[in-house]
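Visitor: I should like to take a close look at a single part of this structure and to understand how that part is placed among the others. Would you please guide me through it step by step?

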Amino acid sequence: MADRWLCIESRVAWGRDAVADGGFAPELREWLEGLDATVLAIRRPGRRAAGRTVFAATSKEGGGELRVLEGVEPEALVGSDPWSAGEPSDATLFLVCAHGRRDPCCARLGVPVFAALERVAEPVWQCSHTGGHRFAPNVIALPWGVTLGRVLPGEVAQLAEILQDGRVPLDRYRGRSVYSAPVQAAEVAVRIAHGIDRLDDLRLAEYSEGIVVFRTAAGEEISRRVEERDGPVIAKSCGKDPEQLSTFYVEETT
């Protein structure tokens, strides 16, 4: 789960850990490691502006909040509260994982998606590792915490329009960070089964002992049973040997 995000511009070459190897001062790295938040390095190739851009986002079922801090020296963040600083923004922040040192597929597949997306939307940034390499290229939309996978460059204009309208493209939807992994699996299954693409039209009502209950905008309750089982034997990351993965199986309750 992730309901708070801190995205910090880093213009150095990223190592496997983009935050630890992002050119940040030791005291900043120590502070970032202690945050109860998902911290990402972000970049826009070729930028030479003074200072750095920082995005602080809070994700909630109802949408959340995005704040922008421009011209920041990252070390000045230490001890601050970025989620109450900066300027509130109504924009949708698009992050495309292009962290090649973590997984070559993220760079090979993510960079073309970033290039296509920045032609039709703003703001759009490359970001460090987000998880789920095998779904590359991955796109995150903040502040909602929406994750999309296996996005193609030719479809980004339509995807951006759908997201900016408060909906999700069901065929690329991987879930929302405000939910735990089993709840995300159930939510995706329910949305696809019932054609519910508007974010506010489905909310979590209860999750207990493997049973997930959602409530629709009309007040209807829809439940699913979720169980973690052995999944396919595939490469978890680009260029890696196949391995046994676990996956969440979602079934209708009786």
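Guide: Let us begin with a term: two residues are in contact when heavy atoms lie within 4.5 Å. The model before you is predicted, and the part to examine is helix 2, residues 104-117.

Consider its length. Helix 2 has 14 residues, and at 1.5 Å a residue these should span 20 Å. The C-alpha atoms at the two ends are 20 Å apart, which agrees with that expectation. The axis nevertheless bends by about 35° at G110. A proline, P112, follows G110 within four residues.

At the N-terminal end, helix 2 is capped by D103. A side-chain oxygen of D103 lies 2.8 Å from the backbone nitrogen of C105.

Next, which residues of helix 2 are buried? They are C105, C106, G110, V113, F114, A116 and L117. G110 is therefore both the place of the bend and, with a relative accessible area under 20%, one of the buried residues. The buried residues pack against three strands, namely strand 6 (93-97), strand 7 (124-127) and strand 8 (139-142), and against helix 3 (156-164).

These neighbours lead to further details. Strand 7 contains W125, which forms a pair with F55 of strand 3 (residues 52-58) in one of the two aromatic pairs of the structure. The geometry of F55 and W125 is edge-to-face, with 5.9 Å from centre to centre and 75° between the planes. This pair links distant parts of the chain, as F55 and W125 are 70 residues apart. Both F55 and W125 are buried.

The other aromatic pair is formed by Y179 and F214: the ring centres are 6.3 Å apart and the planes stand at 70°, so this pair is edge-to-face. Y179 lies in the loop between strand 10 (173-176) and helix 4 (181-194), whereas F214 lies in strand 12, so the pair ties together parts 35 residues apart in sequence. Y179 counts as buried because its relative accessibility is 4%. F214 is buried too, with a relative accessible area of 0%.

Let us return to strand 6 and helix 3, and to the loops that lead to them. T92 is placed in the loop between strand 5 (87-89) and strand 6. With 8% relative accessibility, T92 counts as buried. Leaving out residues up to four places away in sequence, T92 touches E122, P123, A141, L142, W144 and Q164.

E155 lies in the loop between strand 9 (146-148) and helix 3. It has 15% relative accessibility and so counts as buried. A polar atom of the E155 side chain lies 3.0 Å from the backbone nitrogen of L152. Beyond its neighbours within four places in sequence, E155 is in contact with R150 and R172.

A residue in another loop offers a contrast. G46, between strand 2 (38-43) and strand 3, is exposed, with a relative accessible area of 60%.

Finally, how confident is the prediction? The mean pLDDT of the chain is 91, and 96% of its residues reach 70 or more. Confidence is highest in strand 12 (residues 211-216), at 98, and lowest in strand 14 (residues 242-252), at a mean of 84.

Key. Residues are numbered from 1 along each chain as its sequence is written. This is a predicted model: local features need pLDDT of at least 70, side-chain atom pairs count only at pLDDT 80 or more; totals for chains, interfaces and linings use all residues. Side-chain values use heavy atoms; hydrogens and water are left out. The expected span of a helix is 1.5 Å times one less than its number of residues. The bend at a residue is the angle between axes fitted to the seven residues ending there and the seven starting there. Buried means under 20% relative accessible area, exposed over 50%, partly exposed in between (1.4 Å probe, protein chains only). A polar contact is a pair of N or O atoms within 3.5 Å; within protein, one must be able to donate a hydrogen and the other to accept it, and residues adjacent in sequence count only if both atoms are side-chain atoms. pLDDT is the predictor's confidence in each residue, from 0 to 100. Rings of Phe, Tyr and Trp (its six-membered ring) pair if their centres lie within 6.5 Å; planes under 30 degrees apart count as stacked, over 60 as edge-to-face and the rest as tilted.
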